[in-house]
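This report describes selected contacts, links, spaces and strand pairings in one protein structure. Please examine the sequence and the model before reading on.

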Amino acid sequence: MRSIKEKKFAGIHCSVICLLPLICFGQDTSVRISAGVASEWKTQIVSEAIELDHLLGVPQDLTRIRNIRLWQSSKETPNKGIDGKNLFRIPSPLDTQSAVASGPRSAISALAPNLQIDGFAALSDDNTTSPPDAAGAISPDHVLTALNSEFRIQDRKGKTLSTLSMARFWAPLGPFKSFLTDPRVAWDPNVKRFVMIMLADLGESTSAMMIARSKTSDPFGEWRMTRITPGTTGRDFDYPIMAIAGKALAISVDVFSGASYEKTLNLVILLSNLYSATEPLNFRSFDDFLGSSAPAADSDQNRSRVLFVNNSYFLSNGAYAMVFKPVTVSPGGEISVSPLVAAVAGDIAAFSGGEILPQLGSDRKIDSGNGAIQNCVARGTSVWCVNTMVVRFNQEFRTVVQYYRINWPESGDPTLTERVRVDDSSGANFYAFPSIAVNKNLELLIGYNRFNKTEFVGGSYAFRRPSDQPGALFVDGPLKVGEDSYVKGNFSNRWGDYSTTVVDPADDTSFWTLQEYAASRTESGTSLWGTYWAKLALRNGPCTMKLDRSSIDLPTAGATFRVAVTPSFPDCIYLAAPNAAWIQSVSSSRLAAITTYEYQVGLNRRPFTRSATITFGNELFTVRQAANPSPPAPEPILTVVKFDAPTTARVGDSISLNATVRNSGTKGAGKFRIGFYLSTGTPVTNRDIFTAVGCPQNQGLLTDELASCSGTYQLEAGLSPGTYYLAAIADDRDEILTTDRSASTRLSDSGTLTVQAAAVAPALSSAGVVSGATALAGPVSPGGIVVIYGARLGPAALTTLTLDAQGKVSNTLAGTRILFDTVPSPLIYTSAGQVSAIVPYGVSGKSTTLMTAELNGLKSAAISLPVAAAIPGFFSVDFSGRNQIAALNEDGSVNATSNAAERGKLIVLYGTGAGTFKSSPIDGAVIGLPLPEFLAPLTLQIGGVEAQLFYAGPAPGLVSGVFQINARIPDGIDPGDRVTIRVKSGSIESPTGTTIAVK
């Protein structure tokens with residue numbers, strides 16, 4: 001079943017479509033990232049929107065309570081079982097013994113691999129989002145980290161090149177009402193591009209899945225973006241999983257109605273279509289009711305099969321089943337879906353364990369998430385998958401990490417060859433949130449988290465060589481140690497929901513894994529997560545660090561100190577960063593093989609000693625600072641932690657400003673205001689230009705709580721063009737008594753604002769408004785397509801139509817709007833000197849209408865246009881409204897002097913200006929069933945003879961405003977290359993001059 005509302009033109013031949021003024025129903029968004037601290041994003045084209053139809057009935061017993069970020073719910077109701085519902089055939093099981101009897105084996109200890117393990121911090125917790133949902137991708141030049149909160153680009157040694165909030169990255173597809181969540185990002189090693197998906201507006205009627213793909217291998221270049229909506233009000237998406245799989249991008253995502261699971265949508269998009277600069281996004285989809293599946297990542301671009309893998313809960317015997325959903329991509333790009341294949345592959349387990357994961361330092365346990373397959377990877381004829389298993393041992397559940405290897409030649413049946421667990425039979429260690437990768441040598445790496453009562457939660461890995469004995473794994477290799485206990489969330493102590501492990505595309509041998517860990521708490525005791533990239537590569541010798549000392553003790557007042565680091569070989573990659581915000585990095589310098597790092601610590605305001613660490617590869621450097629014997633009185637400290645603002649605008653434009661403030665002090669703050677200010681230089685203070693955007697916080701702000709402020713600022717007409725600094729200032733009216741205001745002012749995270757001269761308003765004339773078919777000026781008619789000529793009407797480059805969230809042609813395009821009596825009209829295309837629009841049906845019955853053009857909020861002077869009930873006309877080949885019309889012969893070929901139609905044969909014609917409908921028309925709607933009827937009937941003459949009509953009405957599949965006539969050419973007319981053809985709407989005739997070729 002094709003779930004996308006297809007952008008088709010009722011079977012019209014492509015060569016005719018190209019003659020019409022509505023060329024494309026697809027749209028793109030392109031954005032560009034600028035490297036450096038100030039990251040600039042430029043929207044170049046409008047966004048593409050795709051709507052999905054959901055017409056299947058949903059079995060009421062197949063429900064799960066959504067495990068969403070909004071409600072932080074951790075309990076789910078499993079379905080009644082795939083065999084109980086007979087949803088698909090179940091062939092012979094992979095394992096001939098019963099699941100409980102055979103059971104997966106726990107890992108046999110393997111020899112430790114000779115791995116060099118390097119690493120660096122990815123993104124830290126800004127205390128605005130939990131959990132992080134750690135997704136990442138590696139290219140030969142860059143490291144990308146995508147979390148629920150932010151998107152970061154680093155080089156392969158960990159240097160941060162750019163960081164943006166997710167709201168800013170996806171801004172071209174906004175605005176957003178609610179959460180952005182569940183990012184997934186991948187590197188395509190064959191085409192050398194990045195692909196990212198993310199969900200928007202979780203729990204809202206505007207819920208959508210967004211897809212971004214870089215246009216080149218450079219993530220600082222342009223990204224093309226697409227927004228996909230569920231298509232039905234009240235439905236939204238949750239928990240997507242994505243993979244580059246051979247010739248396709250494969251995505252599986254759950255669809256919910258309110259809190260009830262309805263089905264799973266599985267999408268397959270050909271990469272040739274995904275990366276196309278001109279084609280609208282198109283894909284094949286199929287549904288099931290088993291929950292999201294993990295498509296197997298496959299770097300073999302010649303692979304014809306895409307595998308979606310799911311471990312559905314439950315079978316009737318209490319076990320789960322591994323389910324395969326095969327999809328085949330033919331050499332020509334056709335996509336076919338095979339029947340689902342299921343086989344018993346597990347034992348008695350729970351889908352979700354809840355808060356069962358132990359940790360040091362807190363009696364509050366951590367939520368284990370769910371047992372869905374986390375990710376899969378294909379190599380040759382084998383597929384490896386990994387997941388968290390919530391398994392019952394006696395009367396208790398504990399979590400293990402379990403991986404599977406399935407051998408499945410494309411012409412044969414699947415065979416389970418390995419099923420191995422990372423487990424602790426003593427029950428002390430719990431394992432969860434794994435991800436898996438397999439390199440060209442068939443070496444396997446699993447990154448995961450280990451949980452127990454004796455350590456803070458950190459990242460670990462398991463490794464296997466092909467030469468290791470069956471079931472052998474090296475387990476619990478340390479990647480990043482935890483730093484503190486972790487308690488977040490009022491409803492559930494959430495973690496995860498997933499991690500990322502990939503093979504390095506630079507050599508197809510090394511591994512990278514992105515893991516979450518429990519970071520050091522804030523000074524006021526708020527838990528934080530952290531994320532960390534580790535690279536693991538086989539070497540002849542390990543990369544180790546030698547420090548000139550292991551610790552330092554600092555006085556209460558603080559001080560500057562240095563640490564000298566000598567690596568075991570010059571090209572070692574290692575982390576050099578503190579785990580606490582009160583240790584500030586100042587500089588680093590290198591002399592020969594020794595790198596010296598300088599740090600600074602300020603006043604300790606607390607009456608107790610504080611301690612933190614700096615990680616240098618395999619070594620920890622400890623920093624201790626003496627307590628303050630006379631600590632200052634508790635006070636609030638207002639810190640602006642984020643400030644998003646644009647980088648370019650014109651005088652007179654309105655710009656959006658968004659800031660987040662945290663009270664990082666030791667005392668709650670009373671009422672205050674967050675304000676935005678503009679200045680020609682720095683520092684920016686509350687004595688500079690106030691933007692008139694301020695957010696009073698009349699209830700104050702408790703310690704570690706957040707406050708946000710958003711508003712729109714119009715750049716005044718008197719503002720001179722130039723470079724300006726924008727700042728958000730917390731407590732801009734100095735209402736809070738505090739001694740530390742150092743962090744209460746923050747410049748825009750995107751850098752300076754370049755203000756250009758005011759744009760000149762669009763210019764119009766009544767003579768420049770012509771029919772889109774006849775090219776004649778004069779009256780306009782309801783639903784008629786017009787072409788408008790003028791100045792400053794739109795962007796320099798031609799931009800074609802978009803569909804809005806309701807599937808209608810949008811009335812705003814690249815900043816352009818055309819209004820008839822204040823009603824915006826659907827837009828076919830726009831450019832600086834020419835716009836094509838559809839006259840709103842609301843002009844029906846009027847004698848005149850006032851039309852204005854608007855570009856980025858600037859309006860032209862209004863012009864008065866006469867209104868007629870209809871102005872029918874045919875589209876012509878040369879866009880003149882005269883000469884050879886755009887028509888199809890009976891065989892589907894394009895009518896032309898060299899390809900004339902035969903008398904007595906059928907002909908298909910297209911035009912506009914037929915007027916309004918008998919029923920209530922909808923501006924910009926795509927015509928579907930039931931087909932509406934025109935208020936005045938259409939008739940047709942060919943060669944002066946009345947033609948027999950088989951259909952004359954709105955063109956199915958095209959935008960409302962285009963008519964289609966299917967007619968028979970009269971037998972008795974004289975043939976010729978220029979036979980006259982005219983259409984009537986009631987008594988109103990089309991202009992003379994249009995012709996058709998008849999033989």
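A salt bridge is a side-chain nitrogen of Lys or Arg within 4 Å of a carboxyl oxygen of Asp or Glu. The structure is a predicted model, in which local features need pLDDT of at least 70 and side-chain atom pairs count only at pLDDT 80 or more, while totals for chains, interfaces and linings use all residues. Residues are numbered from 1 along each chain as its sequence is written, and side-chain values use heavy atoms, with hydrogens and water left out.

**Salt bridges**

Side chains of opposite charge can pair when their charged atoms come close. Under the rule above, the count is 32 salt bridges. The table lists three of them.

| Acidic residue | Basic residue | N to O distance |
|---|---|---|
| Aspartate 732 | Arginine 673 | 2.6 Å |
| Aspartate 125 | Lysine 488 | 2.5 Å |
| Aspartate 300 | Arginine 303 | 3.9 Å |

Strands and helices are used below as landmarks: they are DSSP runs numbered from the N terminus, with at least two residues for a strand (E) and at least four for a helix (H or I). Burial is given by relative accessible area, where buried means under 20%, exposed over 50%, and partly exposed in between (1.4 Å probe, protein chains only).

Aspartate 732 forms its salt bridge with arginine 673 at 2.6 Å between the closest N and O atoms. Because aspartate 732 lies in the loop between strand E51 (722-730) and strand E52 (745-747), and arginine 673 in strand E48 (residues 672-679), the pair ties together parts that are 59 residues apart in sequence. Both aspartate 732 and arginine 673 are buried. A further group, made of Arg156, Asp504 and Lys535, is joined into one network by salt bridges that share partners.

For lysine 488 and aspartate 125, the closest N and O atoms are 2.5 Å apart. Lysine 488 is in the loop between strand E33 (472-480) and strand E34 (500-503), and aspartate 125 is in the loop between strand E5 (115-124) and strand E6 (135-138), so this pair connects parts that are 363 residues apart in sequence. Lysine 488 and aspartate 125 are both buried.

Is each partner in the salt bridge of aspartate 300 and arginine 303 buried or exposed? Aspartate 300 is partly exposed, at 29% relative accessible area, whereas arginine 303 is buried, at 15%.

**A cavity lined by arginine 303**

Arginine 303 also appears in the lining of a cavity. On a 1 Å grid over the protein atoms alone, a cavity is a set of points where a 1.4 Å probe fits but cannot get out, and lining residues have an atom within 4 Å of a point. Grid points are joined across faces, edges and corners, and a volume is the space filled by probe spheres set on the points. The count comes to 5 cavities of 30 Å³ or more.

The second largest cavity holds about 100 Å³ of space. Its lining has 14 residues, and Asp298, Arg303, Arg305, Leu307 and Ala378 lie nearest its centre. Strand E19 (305-313) and strand E27 (382-393) each supply at least two residues of this lining, with E19 giving the most, 3 residues.

**Disulfides**

A disulfide is a covalent bond between the sulfur atoms of two cysteines. Here the criterion is a pair of cysteine sulfur atoms within 2.5 Å, and the whole structure contains 2 disulfides.

One disulfide joins cysteine 376 to cysteine 385, with an S to S distance of 2.2 Å. This link is right-handed, with 110° about the S-S bond, and both cysteine 376 and cysteine 385 are buried.

Another joins cysteine 695 to cysteine 709 at 2.0 Å, S to S. The link of cysteine 695 and cysteine 709 is right-handed, with 75° about the S-S bond. Cysteine 695 is in strand E49 (residues 689-697) and cysteine 709 in strand E50 (residues 706-714), 14 residues apart. Cysteine 695 counts as buried at 13% relative accessibility, and cysteine 709 is buried at 1%.

**Strand pairing around E71**

Two strands pair if DSSP finds at least two bridges between them. Strand E71 (residues 962-968) is mostly covered, with 5 of its 7 residues buried. Strand E67 (residues 906-912) pairs with E71 in the antiparallel sense over 7 bridges, and tyrosine 910 stands opposite glutamine 964 in E71. Strand E70 (residues 948-954) also pairs with E71 in the antiparallel sense, over 6 bridges; here tyrosine 951 stands opposite asparagine 966 in E71.

Conventions: 1 Å grid on protein atoms, 1.4 Å probe; cavity = no way out; pocket = protein on both sides within 12 Å on 5 of 7 lines; lining within 4 Å.
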